[in-house]
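Trainee: Could you walk me through this model feature by feature? I'd like the general idea each time, then the case at hand.

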Amino acid sequence: MKYISTRGQAPELTFEEAMLTGLARDGGLYVPAEIPTMTKEEIAALAGLPYEDIAFRVMWPYVEGSFTEEEFKGIIARAYAGFGHAARAPLKQLTPNHFLLELFHGPTLAFKDFAMQLIGQLFQVALKRRGESVTIVGATSGDTGSAAIEAFKGLDAVNVAILYPHGRVSEVQRRQMTTPQESNVHALAVDGDFDDCQARVKDMFNDFGFRDEVKLAGVNSINFARVLAQVVYYFAAATALGAPHRNVSFSVPTGNFGDIFAGFIAKQMGLPIDQLVVATNQNDILHRCLSGEGYFKGETKPSISPSMDIQVSSNFERALYFAYDKDTAAVAQLMDELKNGGGFNVSQGALEALQATYESGRASEEETLATIKSEVESSGELLCPHGAIGVKVANEHLKEGVPMVTLATAHPAKFPAAVEDASGIHPPLPPRMGDLYERSERVTRISSDLGDLEDHIRKQVAK
Ligand SMILES: *Cc1c(COP(=O)(O)O)cnc(C)c1O
């Protein structure tokens, strides 16, 4: 499988090269040149298989040529061995026709672990074979960073530096990033918001001197390997509910558009997905765009669902690439307008293509809290604020005869203040991480200046 840039001006790469590179050198994102498809029989055969077997069958065509079958099976097995649930992504029933896909049984209690644990193992095997080392730099609104640190800590071929917005992540998220003591882990509390962190990471990738000097690698959701890992649970959930013999819909709490884009890939591969519902919080640029109002940045307003406090959704570029029928020049032009003018209008044809694929809705802070309360009363399920947004928007899109699956993207204990505020229930951490509040923290507070950040990372990597 070959990977090409959404902006058309970077070299074609193999899966392994695209994974190690992250952002393309033309500023674009790598996508597979062709999306492989599965037959109805192949999809039907997934029902009831262990998660790891589904993962192998769904992902193999994308990685073939970069890893052997044996290597890849071992990578998958190690990636999910540390999860706290035998099903990895269990389904819970909320109402006769609405299900919750629990994606929070990994080591950092959010769905990011599905991709990051896999990527950690993929990097380790690939770098060992090449005899190379890399510096992973990532921006996080909370969950990506902790998942990355958990996946890469202690690996000798990797340094990992994570930028998070100071004071804007939950205490559990912060502690998961600042308490690992491994010397290859560098948590950076940046004075700014998530969009500043994400912009600086992009700037570092575009500073080719720095990029080559520290051998920068990216594991933000711009990395296609992350999207790929997330495709798997759409297949696992849909086949458990009767696909391919019936259609299934998904509602996805959305920030950077990586998780929902994985649903689009699953649909392109042949999984009969009826609706793909983009659920946003008050930072609703995606909902506005899908409603035909263009893609224009606003101020990021901090919310009780901080992992979705995003105005520029990096993976939306991939959605645009497909909506514009793979017209890379058009995508490059839009991204230019976004960078220089703060936004762009979507052409009529591309808007129709987007609206044919994605539905959308938003939840205010009050609606999110009200959903946490009503859901625990009606089904006994305690939702985190992100999952609650998914459930609220899903409820507005239910169709008779089509099961709806809402992705529960984080464990309620990751956001205890909001959950307790809404429901009166204090969600306890799972026993395996019960001592998180007692562990000592290690973090560097730093400005959002590119030079400061690069100097700091250079020094840490040289140690
Ligand atoms: C990252 C995250 C999201 C948003 O996912 P994207 O792939 O960025 O759209 C939603 N909920 C939680 C808990 C997250 O950590």
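Trainee: Let's start with α8: which strands does α8 lie across, and at what angle to β5 does it run?

Mentor: First the naming: helices (H or I, at least four residues) and strands (E, at least two) are DSSP runs, numbered from the N terminus. Contact means heavy atoms within 4.5 Å. Axes are lines fitted to C-alpha atoms, for helices over the stretch in contact, and angles run from 0 to 180 degrees between N-to-C directions. Here α8 lies across β5, β6, β7 and β8, at about 150° to β5. α19 packs on the sheet as well, touching β5, β6, β7 and β15, with its direction at about 165° to that of β7.

Trainee: And how far should I trust the coordinates?

Mentor: This is a predicted model, in which local features need pLDDT of at least 70 and side-chain atom pairs count only at pLDDT 80 or more, while totals for chains, interfaces and linings use all residues. Residues are numbered from 1 along each chain as its sequence is written, and side-chain values use heavy atoms, with hydrogens and water left out.

Trainee: In what order do the five strands of that open sheet come?

Mentor: Strands of a sheet pair through backbone hydrogen bonds, either parallel or antiparallel. The rule used is that two strands pair if DSSP finds at least two bridges between them. In this case five strands make an open sheet, ordered β8-β5-β6-β7-β15, with parallel pairing. β8 (216-217) and β15 (444-446) are the edge strands, each pairing on one side only. Further in, β6 and β7 are joined by six bridges in the parallel sense, and proline 165 has valine 190 in β7 as its bridge partner.

Trainee: What is the strand order of the six-stranded open sheet?

Mentor: The order is β3-β4-β14-β9-β10-β13, and the pairing is mixed. β3 and β13 (358-362) are at the edges with a single partner strand each, so one side of each has no neighbour in the sheet. From one strand to the next, the twist averages 25°. For one pair, take β4 (residues 98-102) and β14 (residues 404-408): they run parallel over five bridges, and histidine 98 stands opposite methionine 404 in β14. α11 packs on this sheet, touching β9, β10 (273-280), β13 and β14, and its direction makes about 170° with that of β10. By contrast, α15 (residues 348-357) lies across β10 and β13 at about 80° to β13.

Trainee: Now the empty space. What is the volume of the largest pocket?

Mentor: Rolling a probe the size of a water molecule over the atoms shows where empty space is left. On a 1 Å grid over the protein atoms alone, a cavity is a set of points where a 1.4 Å probe fits but cannot get out; a pocket is an open set with protein on both sides within 12 Å along at least five of seven lines, and lining residues have an atom within 4 Å of a point. Grid points are joined across faces, edges and corners, and a volume is the space filled by probe spheres set on the points. The largest pocket comes to about 710 Å³. Its lining has 31 residues, with Ala199, Lys202, Lys297, Val312 and Leu338 nearest the centre. The largest share, seven residues, comes from α8.

Trainee: How do the residues of that lining divide by class?

Mentor: Ala, Val, Leu, Ile, Met, Phe, Trp, Tyr, Cys and Pro count as nonpolar, Asp, Glu, Lys and Arg as charged, and the others, Gly among them, as polar. The lining of the largest pocket has 10 nonpolar, eight polar and 13 charged residues. In the second largest pocket, of about 330 Å³, the lining divides into eight nonpolar, nine polar and five charged.

Trainee: How many cavities of 30 Å³ or more are there?

Mentor: Four cavities reach that cut-off, and the largest cavity has a volume of about 250 Å³. It is lined by 25 residues, with Phe111, Lys112, Gly255, Asn256 and Ser307 closest to its centre.

Trainee: Which backbone spots deserve a look?

Mentor: The peptide bond from alanine 243 to proline 244 is cis, with omega near 10°, and proline 244 sits in the loop between α10 and β9 (248-253). Arginine 88, a residue other than glycine, has a positive phi near 65°.
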